[in-house]
Amino acid sequence: MPRAAAAPRPARALLGALVCYAGVRALGLVVLAARSAGEGHSAHTLLAARWDALWYTRVVEQGYDFTLVAPDGRTLSDMAFFPLFPWLEGGVAEAFGLSGADAGLVVTAVASVAAAAGIHATAHRLAGARPAFLCVVLWAALPVGIVQSMAYTESLFTALAAWALYATLRERWLLAGVLASLAGLTRPTGLAVACAVLAGAVVAARRQGVRADALAGVVLAPLGACAYVLWVGARTGGVFGYLAVQRGWGNGFDGGLAFARFTAALLRGPGVFAGVGLLAGVGLLLYAYGLGFRARYPAAVQTYTGVVLLVALGSSGYFGSKPRLLMPAFTVLLPLAGALARRWRTAAAVCAAAAVGSAVYGALWLNGSGPP
């Protein structure tokens, strides 16, 4: 019999990136399980049945329209949570006879691999094979990378956003619009994906004129988010009902003023070192974003990254959530990945250290305060 043809090089590169991605995330789960056992906690509960994961499961089991009055007086409505993730949870739970919590972990596991593949595809198109591989590994080894394995929306949203960006870069406008619309049904940050599709279409129109499929993609891109926001408005009796729901949670957008006050308070008090670290982290993020302009990344990529950073850093609530809210901005890792790609031994050491650090930090974090 003839030998099977060797896998094409791009396929081998993607497979290698996904294997390494899975290895980093598996390390994080093993360390989490060990730490949780030592603390007398359930790693399964930490991943699938605490914080936001409980709200998604409640939506699966009971539908929308649950409100909780918190001890501090805030009115917490489940309408703050966009519907695609619980829809998928419910579908998986019904198809395979799983609980909502376990179905959430299945959705996240699949979505995280899809996100890694989308990051690889987008980064490969922007920077080449080695930076793409390293971008995937660095994303897996983020300090709060354990969220990629939780029944949260970060992995699903990043998968949709990354593939929407890739479709935009390939000028597959209808696919980009559909994926952007789905991202808008996943998180409010879907606005960033819709803006990216619009930016890419504008650039393409200047070069080759307006195309019907590009126009259709631009129209499709914001429909998911708009539909959900309008639905919430109809349920709450006002066009701006979703904003009222977010205010009930203590969330809003003030351009970063509350975050600046929070950081200033840290710098004036016993948390001065945390404040300095926070400033340094934000500075590095903005510097990496600026490097994208120097590298002449396409307008769609810079628009997406800029809006994600703006929404995450400019929101006024839940400062402890910002690291995970920044996770979809994977493109800021590309400058570091590109630099490491020229020093392969250094890259291996950095990635290994980052993976171990992420695993240890994730285990301590989830067994401590965890993501609000």
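In which helix is the place of A127? In this predicted model, A127 belongs to helix α5, which covers residues 100-127. A127 counts as partly exposed, because its relative accessibility of 35% falls between the 20% limit for buried residues and the 50% limit for exposed ones. Between A127 and P222, which are 95 residues apart along the chain, the C-alpha atoms are separated by 28 Å.

The overall fold comes next. The protein chain contains 18 helices and two strands. Its radius of gyration is 21 Å, close to the 21 Å that the globule rule gives for 372 residues, so the chain is as compact as a globular protein of that length. The C-alpha trace spans about 65 × 55 × 55 Å along its principal axes. Of the 372 residues in the chain, 48% are buried. Among the contacts with a separation of 6 or more, 74% are accounted for by residues 24 or more positions apart.

Helix α5 also appears in the surroundings of α3, the helix formed by residues 52-62. The buried residues of α3 are D52, A53, W55, Y56, T57 and V59. The cover over these residues includes the helices α2 (43-48), α4 (84-96), α5 and α16, together with the strands β1 (67-69) and β2 (75-77). After α3 comes G63, which has a positive phi near 80 degrees.

Further along the chain, A80 sits in the loop between β2 and α4. Is A80 buried or exposed? A80 is buried, because its relative accessible area of 11% is under the 20% limit. With neighbours within four places in sequence left aside, the contacts of A80 are with Y242, V245, Q246 and W249. From A80 to Y64, 16 residues away in sequence, the C-alpha to C-alpha distance is 10.0 Å.

Two of the residues in contact with A80, Y242 and Q246, lead to the largest pocket, where Y242 and Q246 are among the residues that lie nearest the centre, along with P188, T189 and V311. The volume of the largest pocket is about 1,300 Å³, and its lining consists of 48 residues. At least two lining residues come from each of α3, α9 (190-208), α11 (223-236), α12 (241-248), α15 (299-314) and α16 (322-325). How many residues of this lining are nonpolar, polar and charged? The lining divides into 33 nonpolar, 10 polar and five charged residues.

The second largest pocket holds about 1,100 Å³ of space. Its lining is made up of 37 residues, and P143, G281, L285, P323 and L326 are the ones nearest its centre. Two or more residues of this lining are given by each of α6 (129-140), α13 (257-268), α14 (272-294), α16, α17 (334-341) and α18 (344-366). Helix α14 provides the largest share, with nine residues. In terms of class, 31 of the lining residues are nonpolar, five are polar and one is charged.

Besides the pockets, there is enclosed space to consider. Rolling a probe the size of a water molecule over the atoms reveals where empty space is left. The structure holds one cavity of 30 Å³ or more, and the space in the largest cavity is about 30 Å³. Which residues line the largest cavity? They are A288, Y289, G292, Y297, Q302, T305, T331 and V332. The elements that give two or more residues to this lining are α14 and α15, and α14 gives the most, with three residues. The lining of the cavity divides into four nonpolar and four polar residues, with no charged ones.

T305, one of the residues lining the cavity, deserves a closer look. This residue lies in helix α15. T305 is buried, because its relative accessible area of 1% is under the 20% limit. A polar atom of the T305 side chain lies 2.9 Å from the backbone oxygen of V301. Apart from neighbours within four places in sequence, T305 is in contact with Y289, A329, T331 and V332. Among these contact partners, Y289, T331 and V332 also belong to the lining of the largest cavity.

Notes:
Residues numbered from 1 in each chain as written. Predicted model: local features only at pLDDT ≥ 70, side-chain atom pairs only at ≥ 80, totals over all residues. Heavy atoms only, no water. 1 Å grid on protein atoms, 1.4 Å probe; cavity = no way out; pocket = protein on both sides within 12 Å on 5 of 7 lines; lining within 4 Å. Points joined across faces, edges and corners; volume = space filled by probe spheres on them. Helix = DSSP H or I, 4+ residues; strand = E, 2+ residues; numbered from the N terminus. Nonpolar A, V, L, I, M, F, W, Y, C, P; charged D, E, K, R; others polar. Buried < 20%, exposed > 50% of the residue type's maximum accessible area, 1.4 Å probe, protein only. Polar contact = N/O pair within 3.5 Å; in protein donor to acceptor, adjacent residues only side chain to side chain. Contact = heavy atoms within 4.5 Å. Rg over C-alpha atoms; globule rule 2.2 N^0.38 Å.
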